[in-house]
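Here are some comments to read alongside the structure, written for someone meeting a model of this kind early in their studies. Please keep the structure open while going through them.

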Amino acid sequence: MTGLVGVHAATITDNCLTRNDWLCWEYVTTRSADLLDGTREHLYITVVSVLLGVVVAVPLAVLARRWRRARPLTLGVSTVLYTVPSLAMFALLLPVFGLSAATVITGLVLYSLTILVRNFLTGLDNVDEEVRDAARGMGFGRGRMLWRVEVPLALPAAFAGLRVATVSTVALTTVGTIVGFGGLGDLLTRGLRSDFKAEVLTASVLCVLLAVVFDLLLLGAQRLATPWQRGRT
Amino acid sequence: MGWLLDTFAWLTDPQSWQGSRGIPTLLVEHLGLTAASLGLACLIGLPLAVWLGHVGRGGVLAVQVGNIGRAVPTLALLTILVLASAPFGRSTLTQLVAFTAFAIPPILTNTYVGMRDVDREVVDAARGMGMTGSQVLRRVELPLATTMLMTGVRIAAVQLFATVSIAAIVGFGGLGRIVTNGFALRDVGQVVGGAMVIAALALLVELVFEQLSKVLDPRRRADSRPAPRTPEPVAPLP
């Protein structure tokens, strides 16, 4: 009996990997390739989804503002989209895009759109009518009014929406693992299948870190883009 | 377009509506978990938010809880709890803890904002009339904060319904099971059919809670004037 224990002690090294600890630096150093791949895919899906969301949301918000009848339609559609659970959203897009990153990105674009359009509209609505009058008095046309007066004044609300949309998209990307493109979410499900605690916790922490880093970057960008707001809040 | 026929075939197959993997059984499980977690989240979140709003403290906490809730992926917390030792693991406790944790932030943040948004002059007037702190709370602040309070509960309900479906990825029951089983079986009809059922019911939950907020809003009962503009709800994504 004692001999057997001796054999085990000699062949299996005792470290946090074999003990299946939650926190394991050994995991981070030996599987850094997995972590980098997961993070890279996560970043790609998040950034593309939010950027496409912005590209679609800006004209929609401007349109909904110019053309009154488009407004309830835009808000109604975005409420419906927002209500669809992410698992169902990716599943519904499966016949169109198959098991691909496009399924995940399309779903995430639709979600970020709902937040962005609402916030862009709120921002434009908040522009004081007297400010518009003043700009008109100075001879500003519609286009110049939009880009020189309305858009800058709508920036704080727009950035608030952008931050919410980005942080939420980072978290939601994990659900993309259902079609095999979930970034760090793929590490979560793989770690679950093989009962690998360090993999699950490290991937989870990286997700939260990504969200925090994006949030801080956007906060910095907002400060740069709205210098007149500095000092206020 | 074959998937459309497959979906129709799955939805009309009597097998889809029977037994332990049938839609009715999974629906009951799904709604039961949603209701239980929503109840727990309200029990914890509502009194806390109302009290914080009444005394005007903890605003940073109320808002930060919302931000943290958004940044932590549901799937991550669920996976960690499933791998954790007993009493967690693949247990009902894990489900209730994870679901409730994600339902509290929208309730807490929106109710707090609603309470703080009550016109300070109205509160001062109530105090000037000799109302005590609890009278101000019950007869002035709470009725005026009801709209935002119900917005928080509605967002939490819709989000819970979505979170319960995501839990199928880590092996829990509910309607999400139809979709994950469909993926495992490579049955597109089942995947899309299940997703349609989930999406339709999520919309139903949204509509029910919208109606409920209208019924419960004391301002709508008091007079027919349009309610004053409420602040933007603070919502995470499904």
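The points below go from the fold of one chain to its contact with the other chain and then to the nonpolar core.

1. Please keep in mind throughout that this is a predicted model. In chain A, the secondary structure consists of eleven helices and zero strands, so that reading from the N terminus one meets α-α-α-α-α-α-α-α-α-α-α.

2. Chain A is more spread out than a compact globule, because its radius of gyration is 24 Å, well over the 17 Å that the globule rule gives for 233 residues. The C-alpha trace of chain A spans about 95 × 45 × 20 Å along its principal axes.

3. Of the 233 residues in chain A, 41% are buried. Among the contacts in chain A with a separation of 6 or more, 69% join residues that are 24 or more positions apart.

4. Where the two chains meet, chain A contributes 37 residues and chain B contributes 35 residues. On the side of chain A, the elements giving two or more residues include α5 (70-83), α7 (101-125) and α9 (142-173), while the largest share, eight residues, comes from α11(A). Sorted by class, this side of chain A holds 25 nonpolar, ten polar and two charged residues.

5. The largest nonpolar core has 116 residues, and within it F90(A) and A91(A) touch the most other members. Helix α7 (residues 133-166) of chain B gives the most to this core, with 15 residues.

6. Which residues does F90(A) touch, not counting those up to four places away in sequence? They are T103(A), V104(A), G107(A), V175(A), G176(A), I178(A) and V179(A).

Conventions:
Residues are numbered from 1 along each chain as its sequence is written. Chains are lettered from A and ligands numbered from 1 in the order in which they are written. This is a predicted model: local features need pLDDT of at least 70, side-chain atom pairs count only at pLDDT 80 or more; totals for chains, interfaces and linings use all residues. A nonpolar core is a set of buried Ala, Val, Leu, Ile, Met, Phe, Trp, Tyr and Cys residues joined through C-beta atoms within 7 Å. A residue is buried if 20 or more other C-beta atoms lie within 10 Å of its own, exposed if 12 or fewer, and partly exposed in between; C-beta atoms are placed from the backbone. Helices (H or I, at least four residues) and strands (E, at least two) are DSSP runs, numbered from the N terminus. Two residues are in contact if their C-beta atoms, placed from the backbone, lie within 7 Å. The radius of gyration is taken over C-alpha atoms; the globule rule is 2.2 Å times the number of residues to the power 0.38. Ala, Val, Leu, Ile, Met, Phe, Trp, Tyr, Cys and Pro count as nonpolar, Asp, Glu, Lys and Arg as charged, and the others, Gly among them, as polar.
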